[in-house]
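Thanks for coming. I will put one structure on the screen and talk through its aromatic contacts, its nonpolar core and one of its helices.

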Amino acid sequence: MKLPVEHRVLWPSIVLPTLGFFLASLGYHDWMHLGAEYDEIARAIYKGRGFSDPFKIETGPTAWMPPVLPSLMAAGYWAGGGDRTFVMILFVVLQWTAIATTVGLVLREAIRLGRYGWGLAIALIGLLMNFDLLFAVTHDHALLLLVVNVLFVVMTRGCERLSIRATALHGFLGGFMALCNPIVATVWAVWISVTSKSVRTICVAAVVSIAVITPWTIRNYVVFDRVVPIKSAAKFEFYQALCVSRDGIVGPICFWEHPWSRDNPARREYASVGEPAFIDARGLPASQKWRESPMDCVDRLINRFVTATLWSETPSATGVPFVIGVLNRLFYAWPFLSVAVLVAYKPGMDLVADQTRRNWSTAAFVYAGVLLPYVLISYYTRYAAPLIAMKCLLVLYLIDFILRVVRAGRNESHALAPSHHDSHPSGLID
């Protein structure tokens with residue numbers, strides 16, 4: 001019996017993330033990771049020390065991470081009486097929800113396109129390619145994946161005719177996203193500025209979003225005597241990519257020398273001089289690197305671009321299952337190829353419905369807008385995890401487009417082929 005559309009979306013959205021966490025529970029998993037610095041800050045908030053201490057020791061106030069996730073986790077500690085396992089369960093539920101919305105988003109679009117089987121296969125492959133990040137470890141990509149999925153839904157509905165209340169809601173959403181991740185919020189801000197035809201909409205949304213962000217920015221200015229709009233660690237991440245990493249990609253060497261990983265010189269320096277001075281000390285080496293070795297910096301930037309879009313490194317030393325490594329090699333570049341086709345193959349877009357073209361363009365915009373700052377500053381695999389749904393959608397749109405081109409080519413060849421009657425001279429037939 002053919003299932004109703006909502007069941008074809010609902011059941012895979014429930015079963016696939018549940019099955020993924022079950023399989024992860026049978027092997028290695030680090031569900032108690034809880035976002036590393038995020039967890040340390042959350043515990044500091046719960047213990048009454050405020051938004052502080054990101055590196056396992058009492059070092060005072062911080063703006064190392066955006067405030068939303070640590071605050072939510074601190075609420076979890078409060079609700080669970082300080083029980084870390086309780087917070088872990090809440091975190092896994094959040095991550096499960098983000099994965100479920102990802103599957104649902106892909107399948108909803110697949111049904112609209114009439115490609116349900118393809119959509120289910122793409123969603124499954126996407127989950128497998130990101131199995132460790134999605135099911136074996138808990139980090140901030142749980143919240144950010146959910147935020148990006150919501151952003152896509154909002155963007156595909158447009159902002160041409162919004163009431164004041166709807167515009168204010170947009171602004172609140174933008175401010176909230178900024179307090180989760182400033183890059184995602186920047187994508188939202190550019191989108192609403194470019195696509196809205198109403199100056200009032202842009203102004204009201206901007207004012208509301210700034211109002212949401214302002215208390216956090218004022219807190220940072222009072223505490224650090226400098227303007228830190230959202231988070232302070234960008235300069236440190238840039239330094240790691242330029243001066244610590246061997247190829248511009250954040251990797252094991254960077255983690256080893258990171259203040260959170262162990263009691264190393266970096267952590268002791270952070271505790272000694274404080275966060276602002278610690279970060280400022282990384283700015284000079286990074287700027288010197290650009291002046292003294294510009295070609296090396298450009299080479300690192302190219303490495304980040306290739307790693308983010310075309311070629312994923314999944315070395316066997318990390319214990320990545322063979323099948324996941326193979327999937328990465330076969331399918332990793334497809335989202336980028338989808339964007340390239342959308343941009344370059346304009347004549348063929350006549351085969352695609354207007355709604356599909358708009359959704360394809362939106363997914364491509366979010367994909368490129370989120371990846372670009374990481375390519376320019378610092379990148380490793382987790383930074384792209386919030387884009388899993390966008391990548392799956394881009395592959396779905398690409399496959400739908402290819403199938404339409406193939407079908408159009410077959411129809412054209414059939415139309416041009418001579419019929420059996422026309423292949424004989426009329427005089428001979430008579």
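**Aromatic pairs, core and helix H2**

The count of aromatic pairs comes to 21, where rings of Phe, Tyr and Trp (its six-membered ring) pair if their centres lie within 6.5 Å, and planes under 30 degrees apart count as stacked, over 60 as edge-to-face and the rest as tilted. Trp 64 and Phe 278 form one such pair, a tilted one, at 6.2 Å centre to centre with 45 degrees between the planes. This pair links distant parts of the chain, 214 residues apart: Trp 64 is in the loop between H2 and H3, and Phe 278 is in helix H14, residues 275–292. Helices here are DSSP runs (H or I, at least four residues), numbered from the N terminus.

Before going on, the ground rules. This is a predicted model, in which local features need pLDDT of at least 70 and side-chain atom pairs count only at pLDDT 80 or more, while totals for chains, interfaces and linings use all residues. Residues are numbered from 1 along each chain as its sequence is written, and side-chain values use heavy atoms, with hydrogens and water left out.

Back to the pair. Are Trp 64 and Phe 278 buried or exposed? Trp 64 is buried, with a relative accessible area of 2%, and Phe 278 is buried at 0%; buried means under 20% relative accessible area (1.4 Å probe, protein chains only). Phe 278 also pairs with Tyr 270, edge-to-face, at 5.5 Å centre to centre and 75 degrees between the planes. Tyr 270 is buried too. Ring pairs join both of these residues and Trp 64 with Phe 55, Phe 236 and Tyr 239 in a cluster.

The ring of Phe 278 has the charged end of Arg 282 over it, 3.9 Å from its centre. That label requires NZ of Lys or CZ of Arg within 6 Å of the ring centre and within 35 degrees of the ring normal. Lys 56 has its charged end over the ring of Trp 260, 4.1 Å from the centre.

Next, the core. The largest nonpolar core (buried Ala, Val, Leu, Ile, Met, Phe, Trp, Tyr and Cys residues joined through side-chain atoms within 4.5 Å) has 116 residues, and Trp 64, Met 390 and Leu 393 have the most contacts inside it. H4 supplies the largest share of this core, 13 residues.

Last, helix H2. Seven of the ten residues of H2, residues 37–46, are buried, so this helix is largely enclosed by the rest of the structure. Among the buried ones are Tyr 38 and Ile 41. After H2 comes Gly 48, with a positive phi near 90 degrees.

Technical notes: Buried means under 20% relative accessible area, exposed over 50%, partly exposed in between (1.4 Å probe, protein chains only). Helices (H or I, at least four residues) and strands (E, at least two) are DSSP runs, numbered from the N terminus.
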